[in-house]
Amino acid sequence: MITGGTDGIGKGLGLHYLGRGDRVIVVGSNPDKGRRFLEEAQAIGSGERAAYIEADLSLVAENRRVVAEITQSHPVVDALVLAARYYRSTRRETAEGIEHNFALFYLSRYLFSHGLADRLEVGEQPVILNLAGPGGDLSAMNWDDLQFTRDYRPDRIMAQCGKLSDLAGVGFTAAHPGTRIRYVLAHPGLTATGFTGDYNEADAALVAGMHGRGQPVDAAVDMLRRHLDNPDPEPLSAYMQDTKIDVGGAPFDPAAARRLADITHTVLSGSGQPA
């Protein structure tokens, strides 16, 4: 199962595993991209094993809906890839009153990981692959204003999103002691994806340059699939490209993960959805 699976690396992974013979469910908000994914799956002879679920994963309620749909229809989930993201040059709140990056890049990944844990646990070799930028310093956490109601800067937001994912991984393994699920945080390096987002002029020019320098999506897929096919034996691991990061160090502080988990429960309760 792949969130953000209709574009970029998520789509590349989906098509790879369809080609290998697996069943793949992708989740995305753009029905045209969903249709194109299904057409490409059909073109490689895998149409009957591909599924698309349309959902706005910046909304807690939509995450809950999709997780419930999957748990009702699929007794086993072997792998969960968390790839949904959407860059915003200016601050925006969702209809539920949550800052968009915090909702999509963090809360969605939190909800899918914990919500599908029971289905993953019975998989043959279950793994969660969280595509983020692991290992950054905890100073990137804007603890007093996690949703950046003041001084919104996209570079600070993206740095914090990486830390939110790190602490989500630490929190997941703490919440599921003895789990068979392997949680992998990974960044494959700059990749020429669609860079979906809402950009101002300066950010658009920067992104255009990044696209020109990025590696092909297939190269990122080749780098990442080892984490799905043969994840490391420890419950939590992290990689920047092929370099393994020590998850026992300060950037993965368990106390910070517990602090974030407490905040998360408060935010989810305030959204009107169960925490």
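## Glu-54 and strand β3

At 44% relative accessibility, Glu-54 counts as partly exposed, because that value falls between the 20% under which a residue is called buried and the 50% over which it is called exposed. The model described here is a predicted one, and in it Glu-54 belongs to strand β3, which covers residues 50-54.

The surroundings of Glu-54 bring in other parts of the chain. Its C-alpha atom is separated by 5.9 Å from that of Val-27, although the two residues are 27 places apart along the chain. When residues up to four places away in sequence are not counted, Glu-54 touches Gly-28, Ser-29, Pro-31, Glu-62 and Arg-65.

## Helix α1

Helix α1 takes in the 13 residues 8-20, and at 1.5 Å a residue these should span 18 Å; the C-alpha atoms at the two ends of α1 are 19 Å apart, which agrees with that expectation. The expected figure takes 1.5 Å times one less than the number of residues, which is why 13 residues lead to 18 Å.

Several residues of α1 are buried, namely Gly-8, Ile-9, Gly-10, Lys-11, Gly-12, Leu-13, Gly-14, Tyr-17 and Leu-18. After the helix comes Gly-21, a residue with a positive phi near 110°.

## Strands β6, β7 and β9

Of the 6 residues in strand β7 (residues 182-187), 5 are buried, so this strand is largely enclosed by the rest of the structure. On one hand β7 pairs with strand β6 (residues 127-131) in the parallel sense, over 5 bridges, and within this pairing Tyr-183 of β7 is the bridge partner of Ile-128. Between β6 and β7 the chain passes through helix α6 (residues 154-175), and the resulting β-α-β crossover is right-handed. On the other hand, β7 is joined by 5 bridges to strand β9 (residues 236-240), and these two strands also run parallel. In that second pairing, His-187 stands opposite Met-240 of β9.

Asn-130 offers a view of this region from within strand β6, where it is found. With a relative accessible area of 0%, Asn-130 is buried, and, leaving aside neighbours within four places in sequence, it is in contact with Leu-82, Arg-109, Ser-165, Tyr-183, Val-184, Leu-185 and Ala-186. The C-alpha atoms of Asn-130 and Ala-238 are separated by 9.4 Å, while the two residues lie 108 places apart along the chain.

## Loop residues

The loop between β6 and α6 holds Gln-147, and it also holds Phe-148. Gln-147 has a relative accessible area of 18% and is therefore buried, since the limit for that class is under 20%. Not counting residues up to four places away in sequence, Gln-147 touches Arg-91, Gly-97, Ile-98, Glu-99, Phe-102 and Val-267. Phe-148 is buried too, with a relative accessible area of 0%, and its phi is near 50°, a positive value in a residue other than glycine.

A positive phi is also found at Gln-241, where it is about 55° although the residue is not a glycine. Gln-241 sits in the loop between β9 and β10, the latter being residues 243-245, and at 44% relative accessibility it counts as partly exposed.

## A cavity and a pocket

For enclosed space, the count comes to 1 cavity of 30 Å³ or more. The largest cavity contains about 30 Å³ of space, and its lining is made up of Arg-85, Tyr-86, His-100, Asn-101, Leu-104 and Phe-105.

Among the open spaces, the second largest pocket contains about 650 Å³. Its lining is formed by 24 residues, and those that lie nearest its centre are Met-1, Asp-22, Arg-23, Asp-78 and Ala-79. At least two residues of this lining are supplied by each of α1, β2 (24-28), β3, β4 (79-82) and α8 (217-229). The largest share, 3 residues, comes from α1, the helix in which Gly-8 and Leu-18 are among the buried residues.

Terms used
Residues numbered from 1 in each chain as written. Predicted model: local features only at pLDDT ≥ 70, side-chain atom pairs only at ≥ 80, totals over all residues. Heavy atoms only, no water. Helix = DSSP H or I, 4+ residues; strand = E, 2+ residues; numbered from the N terminus. Buried < 20%, exposed > 50% of the residue type's maximum accessible area, 1.4 Å probe, protein only. Contact = heavy atoms within 4.5 Å. Pairing = 2+ DSSP bridges. Right-handed = clockwise from strand over helix to strand, strands pointing away. 1 Å grid on protein atoms, 1.4 Å probe; cavity = no way out; pocket = protein on both sides within 12 Å on 5 of 7 lines; lining within 4 Å. Points joined across faces, edges and corners; volume = space filled by probe spheres on them.
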